[in-house]
Amino acid sequence: MTAQSQTTQSHRNVYMTDELQAIYDQTVDFVVNEVKPNGDQWEDEGMVPREVLAKMGSLGMLSLRIPEELGGLGLGYLASATFSEGLGASTYAGFEATVLVHTDMAGPHLVNSGSPEQLERYLPGVVSGDFILSIGVSEPDAGSDVAGIRTRAVKDGDGWRINGTKMFITNAVYGDMTIIAARTDEDNKYGISMFLVPAGTEGFTVTNKLDKHGWRCSDTAELALDDVWVSDDQLLGTPHRGFYETMKNFQNERMVLVGMGVGAAQAAIDLTNEYTQNRNAFGSTLFELGAIRQRMAMNQAKVDAVRASMYHAAWMGDNGQDNVKAMSAVKAWGCEVVNQVMYDCLQFHGGMGYMRESAIERMYRDARILPIGGGATEVMLEEVAKRSIVQS
Ligand SMILES: Cc1cc2nc3c(=O)[nH]c(=O)nc-3n(C[C@H](O)[C@H](O)[C@H](O)COP(=O)(O)OP(=O)(O)OC[C@H]3O[C@@H](n4cnc5c(N)ncnc54)[C@H](O)[C@@H]3O)c2cc1C
């Protein structure tokens, strides 16, 4: 049995429908055929070529969450969970981040809050993969504490003038438009608005292409907004309500990070089982050593549990239930599990696991961002704790 078929089989879960299975299979096929052969080159170049997203668009892979009336498939959390887990099998998390920021972290804000004119202008390119999105919330002095952002937009004629700096923005070096969060109401700490700022707008510049520990083929920008002027029709959603509007996508954003982590952890387990079963030592193979096979079995059990928890939280969301506690819990615990699994998998590859030529070395580095981005573990645990207070 190949690693790919193991991954496909182990994916099946109680929420799986034929449609979701087809999404998963198409995604795994895509990453095996289009990503794995080219990923090393993209890592060296620090970017995923635009044509890759355009190809995904042409296969209908970028429109799972776009409502049917807007030309998409109109699917929900379970589809994104499936898609992100399938992408995770690529073993190139930088590629996965490039795609998921477009489809599941930036795209939903446009879909949820866009005016009919904005949707008409931008969605066709988003769906086809020709117009790549990014989301610019974090700043040098404000990450977890979104209410602390300092970028400001003030009304100026028929538009808004924006000044500030954004930090760690995925897809913004080579992408086409960033959804920028800016403070518009000084009297309210949550008085934030969202603006659609296309690349090339005067005063909007990439000041630094950041050099990262992992996700090397994902481009990450530091951005300056220096007296950037955008017209009123680039305001996304209701003025001063941007904080609450972005919150609508928090659970989805958390989930796809877990999803790509689960896919990667499963791929790492498959790789490591294969490696240790072929590595002769002590008169047999490494896998025959109880210390190794049992630890790998425990890792499989943990990944299965994270996967089940993620799909359950996704199902809750699709069925109108409040899934904040469930999603925060699986984001906190699941991303830590993924890192523990990567640690063990690198360990059992021995010296080869420490070499840049081995996939596990990259996967180990890539996984480290998962407990930091999209809500750090400690922030997620607070979300769980707040919802665990017993009223007496
Ligand atoms: C590769 C990469 C890609 C990214 N892509 C994007 C993007 O596309 N768009 C975007 O807007 N942002 C992006 N980010 C930013 C990311 O969301 C932030 O890094 C993250 O929210 C953490 O913010 P921070 O780095 O400012 O850390 P801080 O907020 O300074 O926190 C530092 C650490 O303190 C701890 N901590 C924080 N808050 C609490 C708390 N309340 N209680 C206990 N402990 C706490 C956590 O361990 C945390 O890791 C990206 C970051 C990276 C590294």
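Two residues are taken to be in contact when their C-beta atoms, placed from the backbone, lie within 7 Å. By that criterion, seven residues of domain 2 touch seven residues of domain 3 in this predicted model. The side of domain 2 that faces this contact is made up of four nonpolar and three polar residues, with no charged residues. The centres of the two domains, taken over C-alpha atoms, are 31 Å apart. Along the chain, domain 1 covers residues 3-132, domain 2 covers 134-240 and domain 3 covers 246-386.

Domains 2 and 3 also come together around the ligand, since each of them provides at least three residues of the shell. In total, 21 residues surround the ligand. Ser138, Gly143, Ser144, Thr170 and Glu378 are the closest of these. In terms of secondary structure, at least two shell residues come from each of β1 (133-136), β3 (159-170) and α13 (377-386). The chemical make-up of the shell is mixed, with ten nonpolar, eight polar and three charged residues.

Attention now turns to the helices, beginning with α6. Helix α6 (residues 93-113) packs on helix α5 (residues 77-88) at an angle of about 165 degrees, and the two axes are 10 Å apart. Angles over 145 degrees count as roughly antiparallel, and α5 and α6 are therefore roughly antiparallel to each other. The crossing of α5 past α6 is right-handed. On the α5 side the contact is formed by Ser80, Ser84, Leu87 and Gly88, and on the α6 side by Glu96, Val99, Leu100 and Asp104. Sorted by class, this contact holds three nonpolar, three polar and two charged residues.

Helix α6 has a further partner in helix α9 (residues 250-278); the axes of α6 and α9 come within 10 Å and cross at roughly 160 degrees. That angle makes α6 roughly antiparallel to α9. Here, too, the helices pass in a right-handed crossing. Helix α6 contributes Ala93, Glu96, Leu100, Asp104, Met105 and Pro108, while α9 contributes Asn252, Glu253, Val256, Met260 and Ala264. Seven of the residues in this contact are nonpolar, one is polar and three are charged. Glu96, Leu100 and Asp104 of α6 appear in the contact with α5 and also in the contact with α9.

Another helix pair is found later in the chain, where helix α10 (residues 290-318) meets helix α11 (residues 324-348). Their axes come within 9 Å and cross at roughly 155 degrees, which makes α10 roughly antiparallel to α11. In this pair, α10 passes α11 in a left-handed crossing. From α10, the contact involves Ile292, Arg295, Asn299, Lys302, Val303, Val306, Ser309, Met310, His312, Ala313 and Met316. From α11, the partners are Ala326, Met327, Val330, Trp333, Gly334, Val337, Val341, Asp344 and Phe348. The contact of α10 with α11 comprises 13 nonpolar, four polar and three charged residues.

Methods. Residues are numbered from 1 along each chain as its sequence is written. This is a predicted model: local features need pLDDT of at least 70, side-chain atom pairs count only at pLDDT 80 or more; totals for chains, interfaces and linings use all residues. Axes are lines fitted to C-alpha atoms, for helices over the stretch in contact, and angles run from 0 to 180 degrees between N-to-C directions. Helices (H or I, at least four residues) and strands (E, at least two) are DSSP runs, numbered from the N terminus. Angles under 35 degrees count as roughly parallel, over 145 as roughly antiparallel, 65 to 115 as roughly perpendicular and the rest as oblique. A crossing is left-handed if the near helix is turned anticlockwise from the far one by less than a right angle, and right-handed if clockwise. Ala, Val, Leu, Ile, Met, Phe, Trp, Tyr, Cys and Pro count as nonpolar, Asp, Glu, Lys and Arg as charged, and the others, Gly among them, as polar. Domain bounds come from an automatic or database domain assignment. A residue is near a molecule or strand if its C-beta atom, placed from the backbone, lies within 6 Å of it.
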